[in-house]
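Take a first look at the chain below. The report after it starts with a strand pairing, then moves to the helices, the overall build and the largest pocket.

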Amino acid sequence: MTFERLPALLSEALTTRGYEAPTPVQAAVLEPEAEGQDLIVSAQTGSGKTVAFGLAMAAQLLDEGRKLRPANAPKALIIAPTRELALQVSRELDWLYKGTGARVETCVGGMNVVRERRALQQGAHIVVGTPGRLR
């Protein structure tokens, strides 16, 4: 399996990052039966889970694979249990969606809350945060 079913902008990002083919967990979320479904995925560290869920939400985020228009409200919310994981997820989604024009914003404790609010007010497509900060 390849990344051929993905929007071109995501395929290009993956190629640039050195991906030649999806990992098993990525291939599983790209199966036609998985599209639009709630998924529970369990895999080892380093297996590509973060990119997998980034790929799984592409159909809902990208209108026919085109670049995103400015966001009035977030299109995706990812809640991570720790600050470190939220920052990691945000970094991965940032490079994956960079070519689409998506704005990925992170909201975690220990960071400047005023800057986070301002970034959200300016429009974010994807918000990644920890429960306490998001609340």
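## The sheet

Strand 2 and strand 3 (residues 126–129) pair in the parallel sense over four bridges. Strands pair if DSSP finds at least two bridges between them. Cysteine 107 has glycine 129 in strand 3 as its bridge partner.

This is a predicted model: local features need pLDDT of at least 70, side-chain atom pairs count only at pLDDT 80 or more, and totals for chains, interfaces and linings use all residues. Residues are numbered from 1 along each chain as its sequence is written, and side-chain values use heavy atoms, with hydrogens and water left out.

Three strands make up an open sheet. Their order is 1-3-2, with parallel pairing. Strand 1 and strand 2 (104–107) are the edge strands, each pairing on one side only. On average, neighbouring strands of this sheet are turned by 20 degrees against each other, direction ignored.

## Helices across the sheet

Helix 5 lies across strand 1, strand 2 and strand 3. It runs at about 160 degrees to strand 3. Helix 6 (residues 113–121) lies across strand 2 and strand 3, at about 150 degrees to strand 2.

Axes here are lines fitted to C-alpha atoms, for helices over the stretch in contact (heavy atoms within 4.5 Å). Angles run from 0 to 180 degrees between N-to-C directions.

## The whole chain

The chain has seven helices and three strands. Both are DSSP runs numbered from the N terminus: helices are H or I with at least four residues, strands are E with at least two. From the N terminus on, the order is α-α-α-α-β-α-β-α-β-α.

The C-alpha trace spans about 45 × 35 × 30 Å along its principal axes.

## The largest pocket

The largest pocket has a volume of about 900 Å³. A pocket is an open set of points on a 1 Å grid over the protein atoms alone, where a 1.4 Å probe fits, with protein on both sides within 12 Å along at least five of seven lines. Grid points are joined across faces, edges and corners, and the volume is the space filled by probe spheres set on the points.

The lining has 41 residues, each with an atom within 4 Å of a point. Val29, Ala52, Phe53, Ala56 and Met57 lie nearest the centre of the pocket. Helix 3 gives the most to this lining, with seven residues.
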